[in-house]
There are 2 protein chains.
Amino acid sequence: MKNPIADLNKIFDSRIRLGVMSMLVVNDEISFNDLKQMLELTDGNLASHLNTLEQAEFIKVHKGFIGRKTSTTYSITALGKQAFKAHLDALEKMIRKL
Amino acid sequence: MKNPIADLNKIFDSRIRLGVMSMLVVNDEISFNDLKQMLELTDGNLASHLNTLEQAEFIKVHKGFIGRKTSTTYSITALGKQAFKAHLDALEKMIRKL
DNA sequence: AAAAGTGCTTTGTTTTTCAAAGTTAAATAG
DNA sequence: CTATTTAACTTTGAAAAACAAAGCACTTTT
């Protein structure tokens, strides 16, 4: 037997970062505000988790406009998709025994 | 759309507690030592996570003997099984979109 | 001009994690 | 029979992470 948790990615230990990634996997782009409302977070809390994901290069920011109003959106990167998938595979392997 | 992380159990945010539960789901009883070696943890760290799971009544302790040597083993409770399953269902629901 | 919204950053508190060392009791080695 | 080792903890303390609240720059709406 081998350590069942060794292949889990530490970045995805956080429910919030898991939630962000799971949303970005199915939506090409999501705004800061939508993430905030969906996950029911304060600005600061969300911003810092997004920062962590950005540092890891798992997500990308796009600063743009909707009309003339600023709008920041986020999208998943190829690396992020890969890391997220690897994490889910590790999770699945861990619990497949069920 | 609703908050995708609302149904995740906070207790299982920890990779270690996840690992313990996943091991106890497939093994009726596991010793402290086996858990420690499998998950590569220090005594104190493992003990405190086991404590958290015990407080939640997700696992049960059995103090017994192997010959005349003490041996502490842990097993999952019905409540623990249920909570773990609910967590996995929530996880699956969250990522099934993939 | 005032109020409100967007997307942050900063600050400080609370919570969580974890390692290290100490502890008790039994087992084994010398 | 004394010394060391092992099992399973508890306690202590430090480091890291999570989080809320407030502040801020800029813009839009009223």
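A residue is taken to be near a strand if one of its heavy atoms lies within 4 Å of it. In this predicted model, 21 residues surround DNA strand C, and the closest are Asn33(A), Asp43(A), Lys63(A), Thr72(A) and Tyr74(A). Of the strand C atoms that lie within 4 Å of the protein, 78% belong to sugar or phosphate, the rest being base atoms.

Polar approaches to the DNA involve both the backbone and a base. A phosphate oxygen of DNA strand C lies 2.8 Å from a polar side-chain atom of Asn33(A), and a phosphate oxygen of this strand is 3.4 Å from an N or O atom in the side chain of His49(B). Asp43(A), by contrast, places a polar side-chain atom 2.9 Å from a base nitrogen of DNA strand C. The elements contributing two or more residues to the surface near this strand are α2 (32-39), α3 (43-55) and β3 (69-76) of chain A, together with α1 (15-26) and α3 (43-55) of chain B; β3(A) gives the most, with five residues. By class, the residues of this surface comprise four nonpolar, eleven polar and six charged.

Apart from the DNA surface, the protein was examined for pockets. The largest pocket, with a volume of about 260 Å³, is lined by 13 residues, of which Glu92(A), Ile95(A), Leu88(B), Glu92(B) and Ile95(B) lie nearest its centre. Helix α4 (78-95) of chain A and α4 (78-95) of chain B each supply at least two residues of this lining, and α4(B) provides the largest share, six residues. The lining of the largest pocket contains seven nonpolar and six charged residues, with no polar ones.

Methods
Residues numbered from 1 in each chain as written. Chains lettered and ligands numbered in written order. Predicted model: local features only at pLDDT ≥ 70, side-chain atom pairs only at ≥ 80, totals over all residues. Heavy atoms only, no water. Polar contact = N/O pair within 3.5 Å; in protein donor to acceptor, adjacent residues only side chain to side chain. Helix = DSSP H or I, 4+ residues; strand = E, 2+ residues; numbered from the N terminus. Nonpolar A, V, L, I, M, F, W, Y, C, P; charged D, E, K, R; others polar. 1 Å grid on protein atoms, 1.4 Å probe; cavity = no way out; pocket = protein on both sides within 12 Å on 5 of 7 lines; lining within 4 Å. Points joined across faces, edges and corners; volume = space filled by probe spheres on them.
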